[in-house]
Amino acid sequence: MRVERRAVDEDESRRANGPDWDRYADEYQATHGDFLGDAGFVWGPEGQTEADLAVLGAVEGKDVLEVGSGAGQCSRWVRTRGGRAIGLDLSHRQLQHSRRLDDDTGVAVPSVRATATHLPFADGSFDIVFCSFGALQFVADIEQALDETARVLRPGGRFAFSITHPTRWMFPDDPGVGGLTASQSYWDRTPYVEIDDASGVVSYVEHHRTLGDWVRLLAARGFTLTDLVEPEWPADHDRVWGGWSRTRGLLTPGTAIFVADLT
Ligand SMILES: C[S@@+](CC[C@H](N)C(=O)[O-])C[C@H]1O[C@@H](n2cnc3c(N)ncnc32)[C@H](O)[C@@H]1O
């Protein structure tokens with residue numbers, strides 16, 4: 001596998017990331033499942049939960065869509081709080097894990113296999129749409145994904161999502177001290193791409209937008225940004241997740257949680 005920064009469109013991103021998440025799902029759930037909790041709502045590798053941060057507000061009685069729901073842990077938590085949460089994910093294997101956890105916990109999350117850029121729901125179906133590191137940084141056509149989010153939300157609805165903090169794109173994806181020296185331009189939006197050596201096929205893609213890009217994307221669709229949560233690394237937390245670690249987390253933000261309401 002070789003790594004490049006180069007332009008990748010929506011079709012190529014989806015063709016790469018669907019199968020990649022199918023391949024990775026078993027390892028992802030085995031590695032992170034206990035940390036996430038079968039019916040837990042963790043916003044990022046720092047470990048802050050929705051119970052800690054309350055960015056969605058009250059969920060009881062609300063129609064809620066989770067985009068990039070994986071095994072549905074967050075939606076399952078919403079359901080235990082009385083919200084009517086539905087999961088949506090590109091990966092069949094991730095959704096199979098969601099079914100497994102439905103059975104294990106007795107809390108079922110109705111889920112659909114689809115992509116963030118084509119939400120299979122009628123206009124104004126939801127009070128809340130959220131993503132916990134789901135979908136958005138894997139999507140090339142972010143304009144279409146946000147158009148779709150605004151379309152399925154009711155007026156006054158809330159959109160909250162966590163992503164890799166945009167400033168992390170300046171640094172190598174290294175949880176050690178090597179990940180503390182800026183070596184790439186923050187303003188370089190060229191996607192991160194992994195390419196299979198044998199086939200030459202793109203096998204994984206992530207897309208970068210700056211903080212200002214996100215503000216403009218949200219404002220253009222009638223969202224009012226009400227908060228930007230940058231979780232601090234907890235003093236007693238010493239878990240490595242990819243490029244997230246105590247070494248880096250004590251010095252630089254690793255996660256950004258945007259909270260926006262549709263006017
Ligand atoms: C980092 S995982 C997060 C899953 C879950 N929110 C969690 O906290 O474990 C990202 C998820 O986004 C899904 N995903 C990637 N691209 C997507 C797309 N275009 N539309 C919907 N889901 C997508 C992946 O299949 C994967 O399950």
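Q: Where along the chain is Phe133 found?
A: Phe133 is in the loop between strand E5 (126-132) and helix H5 (142-152). Helices and strands are runs assigned by DSSP, numbered from the N terminus: a helix is H or I over at least four residues, a strand is E over at least two. Residue numbers start from 1 along each chain, as its sequence is written. The model is predicted, with pLDDT of at least 70 required for local features and 80 or more for side-chain atom pairs, while totals for chains, interfaces and linings use all residues.

Q: Why does Phe133 count as buried or exposed?
A: A residue is buried if 20 or more other C-beta atoms, placed from the backbone, lie within 10 Å of its own, exposed if 12 or fewer do, and partly exposed in between. Phe133 has 20 C-beta neighbours inside 10 Å, so it counts as buried. Its phi is positive, about 55 degrees, although Phe133 is not a glycine.

Q: What is Ala135 counted as, and why?
A: Ala135 has 23 C-beta neighbours inside 10 Å and therefore counts as buried. Ala135 also lies in the loop between E5 and H5. Not being a glycine, Ala135 still has a positive phi, of about 70 degrees.

Q: Which class fits Tyr186, and why?
A: Tyr186 has 15 other C-beta atoms within 10 Å, so it is partly exposed. Its place is the loop between strand E6 (153-164) and strand E7 (192-195).

Q: Which residues is Tyr186 in contact with, leaving aside neighbours within four places in sequence?
A: They are Thr167, Trp169, Met170 and Thr210. Being in contact means that the two C-beta atoms, placed from the backbone, lie within 7 Å.

Q: What makes a set of residues a nonpolar core?
A: The members are buried Ala, Val, Leu, Ile, Met, Phe, Trp, Tyr and Cys residues, joined through C-beta atoms within 7 Å. The largest such core here has 54 residues, and Leu136 and Phe161 are among those that touch the most other members. Strand E10 (residues 255-262) gives the most to this core, with six residues. Leaving out residues up to four places away in sequence, Leu136 touches Ala116, Cys131, Ile142, Ala145, Phe161 and Ile163.

Q: How do H1 and helix H4 (residues 92-105) pack, and at what angle?
A: They pack at about 35 degrees, with their axes 7 Å apart. Axes are lines fitted to C-alpha atoms, for helices over the stretch in contact, and angles run from 0 to 180 degrees between N-to-C directions. On the H1 side the contact is made by Trp21, Asp22, Ala25 and Gln29, and on the H4 side by His92, Arg93, Gln94 and His97.

Q: Which residues come nearest to the ligand?
A: Of the 21 residues around it, Trp21, Gly68, Gly70, Ser91 and Phe138 do. A residue is near a molecule if its C-beta atom, placed from the backbone, lies within 6 Å of it. Helix H1 (residues 10-36) gives the largest share of this shell, four residues.

Q: Why is the protein called as compact as a globular protein of its length?
A: The globule rule is 2.2 Å times the number of residues to the power 0.38, and the radius of gyration is taken over C-alpha atoms. For 263 residues the rule gives 18 Å, and the protein has 17 Å, which is close, so the description fits. The protein has seven helices and 10 strands, and 43% of its 263 residues count as buried.
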